[in-house]
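I opened a new notebook page for this structure. These are my entries, in the order I looked things up.

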Amino acid sequence: MLRVPNSQTNNLRILGIESSCDETAASVVADGRTVLSSAVSSQIDTHRKYGGVVPELASREHLRAIVPVVEEAMTSAGLTWTALDGVAVTQGPGLAGSLLVGMTYAKAIAFAHNLPLIAVNHLEGHIHAVLLEHPETELPAIALIVSGGHTHLYHVRGNFEYELIARTRDDAAGEAYDKVAKLLGYPYPGGPILDKLAAFGDPLAIRFTRAQMKGNALDLSFSGLKTAVLRWTEANGIGAEIEARRRVPPDGGIADWLAATPATTLNLIASFQQTVIDELLSRLRKLTDEHPVKAVIVTGGVACNSGLRAAAARAALSVPVYFPTPSLSTDNAAMIAAAAFPKLVRGEVADMSLRAKASLAL
Ligand code: KG4
Ligand code: ZN
């Protein structure tokens, strides 16, 4: 018999497990609100030499990391298994082999310790990363999920129902950052490096053409922008400069990248970033004008972007805009445990037949 949580009980502690991409993460969150621990093991060093995430290597690294990461989350929360009320796991979307590692281990813990198992959609997790830190967020809201794998706009209703409003038709925003960084000779993941370099360039130096969307005008497209950056590098003959950057040690600091980047390239990076920000903010402005929502939620790895945060603050939308702190913007398990809380309270628990789904929709 599973222990059934009492919805009146305070202090429901959920262990969350996340392994959908290249981060192995575990976290214990009480009542969907209080983070008791959050452990994240990143595989960036493994994937960097390939310029992106290699699925086979990701699964292998998850297998290596999952047990110590869960142990670390339990130890730093100061809890034993009997103090838990549930185990939540990312069911999808993500890399099939990676999801499977977290799913299998979560099931093993749930089975061994007689705990309810809660399935969480990774994208719903990203939305809860904001609700976890900002319980004052009023619903309905518009949620923009911008990460390496997703650029999705949702309408979030009061009862945590989600309606997909628009999405990228090709590259995700984070993917565009990583691809542009790669073609300019910076290491993976390029988003954080380009973000820092953009601050030193003129965002209005180059006017990139904005993608015109047929059909849903709110959809986004970033692959044309990436090609436009490539064409600019060809037209401006900066091949030698790019090659020189490829020889800079990949774990260098921002001073090293700044020293290896001439002013014209800083302008290119700032203009690229400005175009991405304009594209995202124009959607948020239109949606908050047209929908009677009470808040905007921006989440996912690209929500770390300092230019996007500053632009959202300047945009003075008609409703408050909430971002998670950077450690909760990128993949983590606290967001999975937080998203599981209302499900556990509603009794929405899974059984041992639960399967990971690489293209699970929200
Ligand atoms: O949410 P996340 O950790 O993983 C996915 O679910 O994809 O997001 C990682 C993505 C990468 O593409 C990374 O380059 C991007 O987020 N990213 C950023 C910044 N920090 C991380 N992109 C732009 N500016 C940043 N500061
Ligand atoms: Zn993510």
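**Backbone oddities**

I began with proline 189, which sits in the loop between α5 and α6 (191–198). I keep in mind that this is a predicted model. The peptide bond running from tyrosine 188 into proline 189 is cis, and I read omega near -10°.

I then found a cis bond between leucine 139 and proline 140, with omega about 5°. Proline 140 belongs to the loop between α4 and β6 (141–146).

Next I checked phi. Aspartate 31 is not a glycine, yet its phi is positive, about 55°. I located aspartate 31 in the loop between β2 (23–30) and β3 (34–42). I noted these entries because most peptide bonds are trans and most residues other than glycine have a negative phi.

**Two domains**

I looked up the domain assignment for the protein chain. Domain 1 covers 13–129 + 330–346, and domain 2 covers 138–323. Domain 1 is thus written as two stretches of the chain. I took the domain centres over C-alpha atoms and got a separation of 27 Å.

How many residues of each domain are in contact with the other? I counted 18 in domain 1 and 19 in domain 2.

The area buried between the two domains is about 1500 Å². Carbon and sulfur atoms give 70% of that area. I then asked which three residues supply the most of the area that domain 1 buries against domain 2. They are Arg48, Leu123 and Ile127, with 41%.

I searched for salt bridges between domain 1 and domain 2 and the count was zero. Polar contacts do turn up there: I have four residue pairs, both partners at pLDDT 80 or more.

I next listed the elements giving two or more residues to the side of domain 1 that touches domain 2. They are α1 (44–48), α4 (122–133) and α13 (334–346). Helix α4 gives the most, with six residues. By class, I have eight nonpolar, six polar and four charged residues on this side of domain 1.

**Ligand 1**

I turned to the surroundings of ligand 1. I found 21 residues around it. The closest are Gly148, Asp178, Asp195, Gly301 and Asn305.

Which atoms of asparagine 305 and ligand 1 lie 2.9 Å apart? I found a polar side-chain atom of asparagine 305 and a nitrogen atom of ligand 1.

Glycine 301 uses its backbone: an N or O atom there lies 3.0 Å from an oxygen atom of ligand 1. Glycine 174 also has a polar backbone atom by the ligand, 3.2 Å from an oxygen atom of ligand 1.

**Salt bridges**

Last, I searched the whole structure for salt bridges and found 18. I picked one to follow up. Lysine 226 pairs with aspartate 171, and their closest N and O atoms are 3.2 Å apart.

Why does this pair tie together separate parts of the sequence? Lysine 226 lies in helix α7 (residues 223–235), while aspartate 171 lies in the loop between β8 (162–167) and α5 (173–183), so the bridge links parts that are 55 residues apart in sequence.

Terms used. Residues are numbered from 1 along each chain as its sequence is written. Chains are lettered from A and ligands numbered from 1 in the order in which they are written. Side-chain values use heavy atoms; hydrogens and water are left out. Domain bounds come from an automatic or database domain assignment. Contact means heavy atoms within 4.5 Å. Buried area is the accessible area (1.4 Å probe) that two parts lose on being put together, summed over both. A salt bridge is a side-chain nitrogen of Lys or Arg within 4 Å of a carboxyl oxygen of Asp or Glu. A polar contact is a pair of N or O atoms within 3.5 Å; within protein, one must be able to donate a hydrogen and the other to accept it, and residues adjacent in sequence count only if both atoms are side-chain atoms. Helices (H or I, at least four residues) and strands (E, at least two) are DSSP runs, numbered from the N terminus. Ala, Val, Leu, Ile, Met, Phe, Trp, Tyr, Cys and Pro count as nonpolar, Asp, Glu, Lys and Arg as charged, and the others, Gly among them, as polar. A residue is near a molecule or strand if one of its heavy atoms lies within 4 Å of it.
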